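Biologist: I'm new to this one and would like a quick tour. Can you put it up on the screen?

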Amino acid sequence: MATGGKVDVFEHIFRTELDHRGSWKNATRTILIYTVNKSSWTKIQNVYLKHAEETLIKQLEKEYLMKIEKIRINVDVYINNSPCAECADRLHAFLENYPEVQMYIYFANLYNIRRNSCIKNMTTKDEEHVWRVSNFKSIKNSMGLVMLLDHNRCTLQPFNKQTWVNLLDLLKDNRIDFNQMYQEICGDRSREEEDAYLREDLEIIKKEGIAMKIGMYMMVYALLFQTFL
Ligand SMILES: [Zn+2]
């Protein structure tokens with residue numbers, strides 16, 4: 001069932017970290033919209049000590065997966081923040097528990113991650129916000145995303161123009177200024193540019209994740225090799 005609420009859901013997700021040096025206001029409130037087999041949408045928000053993804057899992061289990069018939073279900077999730085490490089773990093475990101679920105997650109912001117695009121900008125622009133996230137937390141959250149990306153029933157990607165349009169359609173939100181809104185510069189970038197940055201940043205996270213795994217295996221082999229010499 002569709003639920004309303006005072007927040008303009010589309011605006012909230014669309015504007016998250018768009019003016020990304022400006023404020024963390026939108027990122028502090030996670031909002032997600034989900035559909036099951038393209039049904040009507042449901043909105044979930046994070047509440048104190050409970051991330052939106054936790055509620056999503058509970059609702060899916062209760063409403064769809066506890067039912068007698070095990071049918072294949074496609075879950076589309078539109079969310080402003082990418083899942084944190086703990087939620088990535090939860091989502092991964094959930095997918096393992098329910099082989100009938102295929103999940104598509106579209107996000108508008110890399111949550112608590114030191115983004116490569118920001119670090120690259122640092123010489124010419126103020127990107128102080130990068131240091132607000134500890135290196136430990138950034139790596140942990142990145143590894144969580146790498147794990148989800150590895151799952152063959154999970155698609156995780158930043159929004160693109162089509163997925164924004166899909167979200168608008170879903171919400172029956174027919175704002176006529178969408179094309180302009182998508183290209184309009186807010187701070188130093190438009191949503192279109194930000195989505196492209198996010199795609200690049202996610203690629204780097206993937207590559208670093210693979211490198212880290214190879215590094216770990218090599219370390220284990222080196223240790224074993226030394227032991228057996
Ligand atoms: Zn979380």
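Biologist: What spacing do the donors of the zinc ion follow along the chain?
Modeller: The donors follow H-x32-C-x2-C. Donors here are N, O and S atoms within 2.8 Å of the metal (3.2 Å for Na, K and Ca), and water is not among the atoms, so sites may look incomplete.

Biologist: And which atoms coordinate the zinc ion?
Modeller: ND1 of His 51, SG of Cys 84 and SG of Cys 87, at 1.9 to 2.4 Å. His 51 sits in the loop between β2 (42–45) and α3 (52–65), while Cys 87 belongs to helix α4 (residues 85–97), so the pair ties together parts that are 36 residues apart in sequence. Helices (H or I, at least four residues) and strands (E, at least two) are DSSP runs, numbered from the N terminus.

Biologist: Is His 51 buried or exposed? And what about Cys 87?
Modeller: His 51 is partly exposed, at 31% relative accessibility, whereas Cys 87 is buried, at 0%. Buried means under 20% relative accessible area, exposed over 50%, and partly exposed in between (1.4 Å probe, protein chains only).

Biologist: Before we go on, what kind of model is this?
Modeller: It's a predicted model: local features need pLDDT of at least 70, side-chain atom pairs count only at pLDDT 80 or more, and totals for chains, interfaces and linings use all residues. Residues are numbered from 1 along each chain as its sequence is written, and side-chain values use heavy atoms, with hydrogens and water left out.

Biologist: OK, zooming out. How many helices and strands does the chain have?
Modeller: Nine helices and five strands. Starting at the N terminus, the order is α-α-β-β-α-β-α-β-α-α-β-α-α-α.

Biologist: What about the radius of gyration?
Modeller: The chain has 19 Å, which agrees with the value near 17 Å for a compact globule of 229 residues. That radius is taken over C-alpha atoms, and the globule rule is 2.2 Å times the number of residues to the power 0.38. Along the principal axes, the C-alpha atoms fill a box of roughly 70 × 55 × 30 Å.

Biologist: How much of the chain is buried?
Modeller: Buried residues are 44% of the 229.

Biologist: New topic: pockets. How much space is in the largest one?
Modeller: About 280 Å³. α5 (116–121), α6 and α9 (191–228) each give two or more residues to the lining of that pocket. On a 1 Å grid over the protein atoms alone, a pocket is an open set of points with protein on both sides within 12 Å along at least five of seven lines, a cavity is a set of points where a 1.4 Å probe fits but cannot get out, and lining residues have an atom within 4 Å of a point. Grid points are joined across faces, edges and corners, and a volume is the space filled by probe spheres set on the points.

Biologist: Which lining residues lie nearest the centre of the largest pocket?
Modeller: Of the 18 lining residues, Arg 114, Ser 138, Ile 139, Ser 142 and Glu 208 lie nearest its centre.

Biologist: Tell me more about Ser 138. Where is it?
Modeller: Ser 138 is part of helix α6 (residues 135–150). It counts as buried because its relative accessibility is 5%. Beyond neighbours within four places in sequence, Ser 138 is in contact (heavy atoms within 4.5 Å) with Asn 112, Ile 113, Arg 114 and Val 133.

Biologist: What's the phi of Asn 112?
Modeller: Near 50 degrees, a positive value in a residue other than glycine. Asn 112 lies in the loop between β4 (101–109) and α5, and it is buried at 13% relative accessibility.

Biologist: How many cavities turn up in the whole structure?
Modeller: A search finds two of 30 Å³ or more, and the largest cavity holds about 120 Å³. Its lining includes Asn 112, Ile 113 and Val 133.

Biologist: Last one: Thr 16. Where is it, and is it buried or exposed?
Modeller: Thr 16 is in the loop between α1 (9–15) and α2 (25–28), and it is buried, with a relative accessible area of 0%. Among the residues Thr 16 touches are Asn 26, Asn 80, Asn 109 and Arg 191.
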